Amino acid sequence: MANTPALAPDMTDRDLLVRLVFGSMAAQTVRAAVRLRVVELIGDTPRPAADVAADAGAEPQPMTRLLRALAGLGLLREHSFGTFAVAPAGVLLDPGRPGSLTSFVRMFTEPEIIRAWEHLDDSVRTGDVAFDAVFGTDFFSRLAQRPELSAEFNAAMSQATAEAAAVLPHAFDFGRYAAVTDVGGGDGTLLAAVLAAFPGLKGVVLDTSDGLAQAPGTLRRHGLADRCSLVAGDFFRSVPEGSDLYLMKSILHDWPDDRAVTILRHCRAALPSGGRVLILEPVLPETVPGGSGGVDEAATYLSDLNMLVNVGGRERTRTDFEDLCRAAGLSLLSATPLPGAEPFSLLEAAAAG
Ligand SMILES: C[S@@+](CC[C@H](N)C(=O)[O-])C[C@H]1O[C@@H](n2cnc3c(N)ncnc32)[C@H](O)[C@@H]1O
């Protein structure tokens, strides 16, 4: 079979399709690895699968098969027959290691999220949010009903935000401002990094009470409790006044345009002269730059569909962000990619002239 020109030279069209369809099995294999704690159980030196199985309370033969699949996926290595070591990417499945993505894995392979994906075709047909039809409530209300899932979501967001938190303080001069409100700031991971880098700055995290549940711990760990307050509220009603920066990461993409404009309008209403609204989101190119078959290249488009089925939001182009800002009385000044936190860009907006 001929190779599609855009594909890697050794990959056929058929290979690509098989690889994509097996993607959901790969995701569930990673989920099982996290649930059975295999990376922690293997540790720093190679271990026989039978020992890992005994510690995990699992059967040796199926465990060997799981570990082989994980080795095939590049997360483990079969060191010698039936004995496995953790590969560099597999280290991210150890919750005790810096940069761990275990909560992220659990959340994005979570049956409730996957159930909405089963109805992607319905959402495409109707434009309706599949999650709401399946569960009879919206995603964030569902989290409020299930505190343990909400805590997992907050932890997953914190892990997903770690890269942006590391680079944002170097990408914008927060030192020219007095106070920043992180709108929908969750457990405070992003704001803590900004406040740690700019000792003269004060901060506010606005979120729902469920979204803020882990934030006191974050502030305590960073020694920021005296410079940062937590406000439980609803950004569809208002945002707290008193900051000259309103920051929001991964907020607008959760909502359809009219709701996103409402959030921005509230920021505009609170914005003093010279203040700024900072938006951290991926910015889609105006047209798709010819995919070469990798899930990584399609990640923002898959996230866009995830927003469609689970929350009713969407990923946006620069033109889309300009339109949202204009409708909210803001003017988009710039959109700058954030190296080290791809695919995120930093969008800066000010009150429209
Ligand atoms: C996708 S998460 C992003 C969290 C954080 N900004 C980050 O990037 O890690 C969306 C956040 O919006 C919060 N949220 C949802 N509805 C809200 C509302 N009506 N008012 C305030 N926060 C809300 C959620 O609790 C959650 O923390």
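In the predicted model, strand β8, which spans residues 276-284, has 8 of its 9 residues buried, and it is therefore largely enclosed by the rest of the structure. The pairing of this strand with its neighbours can be described partner by partner. With strand β7 (residues 245-249), β8 pairs in the parallel sense over 5 bridges, and within this pairing Tyr 246 stands opposite Val 277 of β8. The two strands also belong to a right-handed β-α-β unit, in which helix α14 (residues 257-270) is the helical element. With strand β11 (residues 344-351), by contrast, the pairing of β8 is antiparallel and extends over 6 bridges; here Pro 282 is placed opposite Phe 344 of β11. A further parallel pairing, over 2 bridges, links β8 to strand β9, which comprises residues 316-317, and in this case Leu 284 has Thr 317 of β9 as its bridge partner. In general terms, the side chains of a regular strand alternate between the two faces of the sheet.

The surroundings of the ligand were examined next. The ligand has 18 residues around it, of which Thr 161, Gly 184, Asp 207, Asp 234 and Lys 249 come nearest. By residue class, this shell divides into 7 nonpolar, 7 polar and 4 charged residues, and its largest share, amounting to 3 residues, is contributed by helix α11 (residues 147-171). Polar contacts to the ligand involve both side-chain and backbone atoms of the protein. An N or O atom in the side chain of Asp 207 lies 2.6 Å from an oxygen atom of the ligand, whereas for the side chain of Asp 234 the corresponding contact, at 2.9 Å, is made to a nitrogen atom of the ligand. A polar backbone atom of Phe 235 is found 3.0 Å from a nitrogen atom of the ligand. Of the 600 Å² that the ligand exposes when taken alone, 92% is buried by the protein.

Helix α11, which supplies the largest share of the ligand shell, also contains His 170. With a relative accessible area of 72%, His 170 is exposed, because this value lies over the 50% cut-off. His 170 is separated from Gln 145 by 25 residues in sequence, and the C-alpha atoms of these two residues are 38 Å apart in space.

Notes. Residues are numbered from 1 along each chain as its sequence is written. This is a predicted model: local features need pLDDT of at least 70, side-chain atom pairs count only at pLDDT 80 or more; totals for chains, interfaces and linings use all residues. Side-chain values use heavy atoms; hydrogens and water are left out. Buried means under 20% relative accessible area, exposed over 50%, partly exposed in between (1.4 Å probe, protein chains only). Helices (H or I, at least four residues) and strands (E, at least two) are DSSP runs, numbered from the N terminus. Two strands pair if DSSP finds at least two bridges between them. A crossover is right-handed if, with the strands pointing away from the viewer, the path from the first strand over the helix to the second runs clockwise. A residue is near a molecule or strand if one of its heavy atoms lies within 4 Å of it. A polar contact is a pair of N or O atoms within 3.5 Å; within protein, one must be able to donate a hydrogen and the other to accept it, and residues adjacent in sequence count only if both atoms are side-chain atoms. Accessible areas come from the Shrake-Rupley method with a 1.4 Å probe; for residues, only the protein chains shown count as cover. Ala, Val, Leu, Ile, Met, Phe, Trp, Tyr, Cys and Pro count as nonpolar, Asp, Glu, Lys and Arg as charged, and the others, Gly among them, as polar.
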